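Reader: Hi, I am new to this one and would like to go through it slowly with you. Could you bring it up first?

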Amino acid sequence: MTDSSNLANLLALFAIIPLCAAGGSLLIPRFQLLPRLHTHSLAALLAGIVNLILALWLMARTVQGTNLVLHVGGHHGPFGIVLVADVFSALLLLLTAVIYLGTVPFAIDVLDQRDRMGFYPLSLFLLMGVNGTFLAGDLFNLYVFFEILVITSFVLVTLGGQRDQIRGGLRFVVLNLLGSMVFLGAVAVAYGTLGTLNFAHIAVLLRQPNLPAWLVPMMAGLLFVAFAGKSALFPLHFWLPCSYHTTHPVVNALFGGLLTKVGLYSLFRLFPLLFPEQLAAWQPAFLALAGASMVVGTLGGLSGDTLRRALSFQIVSHIGFIFAGLALAGTRNGVLAVGLAPAILYLAHHMVVKTAVLMAGGAIELELQTGRVVPGPDGGTGGLLAHRQWLAIWFFLTALSLAGIPPFSGFTGKLGLLLLMISMEQWLLLAVAVLSSFVTLYMIMRLWQGAFWGAPPPVRNTDGPAAAPTRLGPGFGMLTLTPIAVLVGCSLLMGVFGESAWSVANQAAATLTDVEAYIDSVALAGHLADASH
Amino acid sequence: MTELYLKYVLNGLTAALILLAFFFLLRGHLLPGGGFVGGLMAAAVVELAIISQGAVTVQRRVGRLLLPVSGLGLLTAVLAIIFGWPQSGTVFAPVYFHLPWLEVEFSTALAFDFGVFLVVMSVTSLFLLDLTLTRSARLEQLLDMEDMEDRSVGQEQVPPPS
């Protein structure tokens with residue numbers, strides 16, 4: 001069922017609301033409203049709340065089986081701009097809204113001088129880019145929203161201007177620009193050969209019998225390279241571990257939750273829709289890349305010398321897990337929805353939990369003023385347990401979820417993926433996945449021990465400069481702990497009510513594989529049929 | 001390093017360039033041109049002022065205005081996007097106003113273009129100013145600012161107490 005009535009205009013609000021809040025923040029100078037709140041953070045908070053309400057509304061509508069399609073300005077596809085929202089888009093928009101709203105209080109609590117350097121307007125532009133990517137119905141707007149979020153993230157990576165930030169940011173910028181160029185190349189190939197950029201229209205035109213044989217592999221290959229780079233899949237992952245940990249913890253949490261998922265979303269959206277045969281034909285290579293991502297991400301996480309470096313590098317292994325689901329779903333008989341569902345569930349779990357764990361890790365680093373908590377020759381122990389019991393509990397719970405221990409969401413997603421590997425008889429991949437899960441558990445427990453065990457640091461000194469120097473930083477409060485707790489709660493709910501989570505994931509997977517329904521929902525009133533002649 | 005001859009042509013050239021920028025902005029309604037091109041032309045005026053009067057002078061005059069103007073442009077564009085929503089049932093739909101006493105047509109598409117114009121002009125001018133401001137000029141600018149804390153930006157490894 002498709003709804004392209006007046007209500008579909010609300011889809012545009014996902015881009016308009018962050019844009020309004022960011023524009024207002026640029027126009028109105030920053031001044032303090034309350035001791036902890038100024039105009040910019042208030043704008044970000046309000047935009048985040050409205051965005052969450054919108055996302056909840058969209059989820060409630062699409063989960064009943066209604067796709068929302070907005071033909072922007074009344075111009076119909078394939079030449080007009082089309083925004084499409086199905087369950088998969090709505091799910092990711094909802095997760096994005098939750099994560100964004102979770103990081104704003106964290107930012108209000110702990111942000112340093114970057115507050116004055118425009119963190120809040122930039123984060124709003126990032127939100128706009130991410131939202132738009134999940135809604136875009138054609139390659140060019142996908143590219144445009146990608147650029148909005150990538151260029152914003154260039155600034156956010158280097159915000160603060162410290163030496164290692166510039167060094168890491170340079171690789172980040174170079175690889176992402178190369179990825180954008182490859183993406184633009186794919187756009188050019190699609191437009192030059194098929195004369196259209198609309199996803200549904202491309203899907204229709206690719207069924208023509210007498211296409212050049214190189215066309216589909218070339219488009220699929222270019223798009224794969226572009227999105228694999230953006231989602232930090234194995235050979236193109238190196239920008240992530242060298243840039244993420246240099247940013248402020250708030251930026252790191254925001255990136256860990258949102259940035260690489262946009263590339264994964266595009267792979268999930270486009271490969272079942274446009275190149276299902278390619279997904280099956282290239283399955284061995286894709287599975288190898290997924291397995292290599294798991295290994296590299298896990299080992300990189302294990303070897304990370306600081307808390308956030310280890311946690312950030314570990315993202316790569318999760319990307320491998322999620323991508324393995326997509327690769328396994330491709331068979332000779334088309335893309336299997338049962339294959340995509342566990343990957344989607346794992347994606348949702350990963351976005352929530354990774355943000356929570358990076359927020360907790362960032363809070364620890366801010367408190368200790370160092371990330372070197374890995375027990376070993378050059379790392380001390382933090383001993384935070386005495387001061388920060390609640391943080392210890394939340395970090396422990398996110399760690400369990402991250403490693404895939406029931407009853408958390410990590411378990412259901414991982415179980416689904418492992419069962420899928422068994423049913424596909426991918427024993428090597430299965431072994432790699434199970435091993436990397438255990439190593440992840442070991443790694444994160446080691447980090448927890450390092451941060452919380454050991455001799456407690458001296459209590460913050462309030463007796464004036466004569467007392468002993470302190471190790472504790474400025475600290476954090478409820479505004480940091482509450483979002484972490486809420487995200488952990490989300491993970492717990494997704495695990496406990498696993499049945500409902502499964503049904504949503506199954507529905508999202510079904511919309512991804514149901515190519516006909518997607519084409520029907522975008523092409524209204526025979527516009528597509530006219531255009532293809 | 002201000003150029004003498006530029007100072008003399010500046011007044012006339014500024015007016016001509018601003019007119020040209022608006023010409024391109026209005027022309028873009030039906031023909032090549034529009035907010036982006038017009039905004040670049042307007043930024044050329046700022047660049048001319050930078051070359052002839054020095055970046056510090058320009059920074060003192062308009063530096064603080066540029067970022068708010070870009071925000072204003074964004075809001076103008078957004079307003080133009082949603083203006084036609086109640087009337088035509090979709091965002092981005094243009095609404096035309098006929099102003100009979102002027103015999104010109106005004107549309108929300110033009111308002112959108114004007115928003116783009118403001119954003120492009122102000123952001124390009126910000127880039128140009130930032131590229132031209134030398135280290136000493138930046139220092140001078142920093143000394144002008146009341147917010148002295150900003151000088152410590154980027155020098156500390158750990159965040160200061162909030």
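Reader: Over which residues of chain B does pLDDT stay under 50, and how many contacts beyond four places in sequence does the model have for them?

Author: In chain B, pLDDT (the predictor's confidence in each residue, from 0 to 100) stays under 50 over residues 146–158, and the model has eleven contacts beyond four places in sequence for that stretch. Two residues are in contact here if their C-beta atoms, placed from the backbone, lie within 7 Å. This is a predicted model, in which local features need pLDDT of at least 70 and side-chain atom pairs count only at pLDDT 80 or more, while totals for chains, interfaces and linings use all residues. Residues are numbered from 1 along each chain as its sequence is written, and chains are lettered from A and ligands numbered from 1 in the order in which they are written.

Reader: And where in chain B is confidence lowest and highest?

Author: It is lowest in helix H6 of chain B (residues 135–144), with a mean of 61, and highest in helix H5 of chain B (residues 108–132), with 90. Helices (H or I, at least four residues) and strands (E, at least two) are DSSP runs, numbered from the N terminus. Chain B has a mean pLDDT of 79, with 80% of its residues at 70 or more.

Reader: What about the mean pLDDT of chain A?

Author: The mean for chain A is 84, and 92% of its residues reach 70 or more. Among its elements, helix H4 of chain A (residues 119–135) has the highest mean, 93, whereas helix H21 of chain A (residues 527–531) has the lowest, 48. In chain A, pLDDT also stays under 50 over residues 461–472, for which the model has 13 contacts beyond four places in sequence.

Reader: How many helices and strands does chain A have?

Author: Chain A has 21 helices and five strands. Its radius of gyration, taken over C-alpha atoms, is 23 Å, close to the 24 Å that the globule rule (2.2 Å times the number of residues to the power 0.38) gives for 533 residues, so chain A is as compact as a globular protein of that length. Its C-alpha trace spans about 85 × 55 × 40 Å along the principal axes.

Reader: Switching topic, how many residues of chain A are in contact with chain B?

Author: There are 26 residues of chain A in contact with 25 residues of chain B. On the side of chain A, helix H1 of chain A (residues 10–27) gives the most, with ten residues. For the complex, the predictor gives an ipTM of 0.82 and a pTM of 0.89.

Reader: Back inside chain A, at what angle do H14(A) and H16(A) pack?

Author: Helix H14 of chain A (residues 337–368) and helix H16 of chain A (residues 409–423) pack at an angle of about 150°, with their axes 8 Å apart. Axes are lines fitted to C-alpha atoms, for helices over the stretch in contact, and angles run from 0 to 180 degrees between N-to-C directions. H14(A) and H16(A) are therefore roughly antiparallel to each other, since angles under 35 degrees count as roughly parallel, over 145 as roughly antiparallel, 65 to 115 as roughly perpendicular and the rest as oblique.

Reader: And how do H12(A) and H17(A) lie, roughly parallel or roughly antiparallel?

Author: The axes of helix H12 of chain A (residues 283–303) and helix H17 of chain A (residues 427–452) come within 9 Å and cross at roughly 20°, and H12(A) and H17(A) are therefore roughly parallel to each other. Among the residues that meet there are A:Leu287 and A:Gly291 in H12(A), and A:Leu429 and A:Val432 in H17(A).
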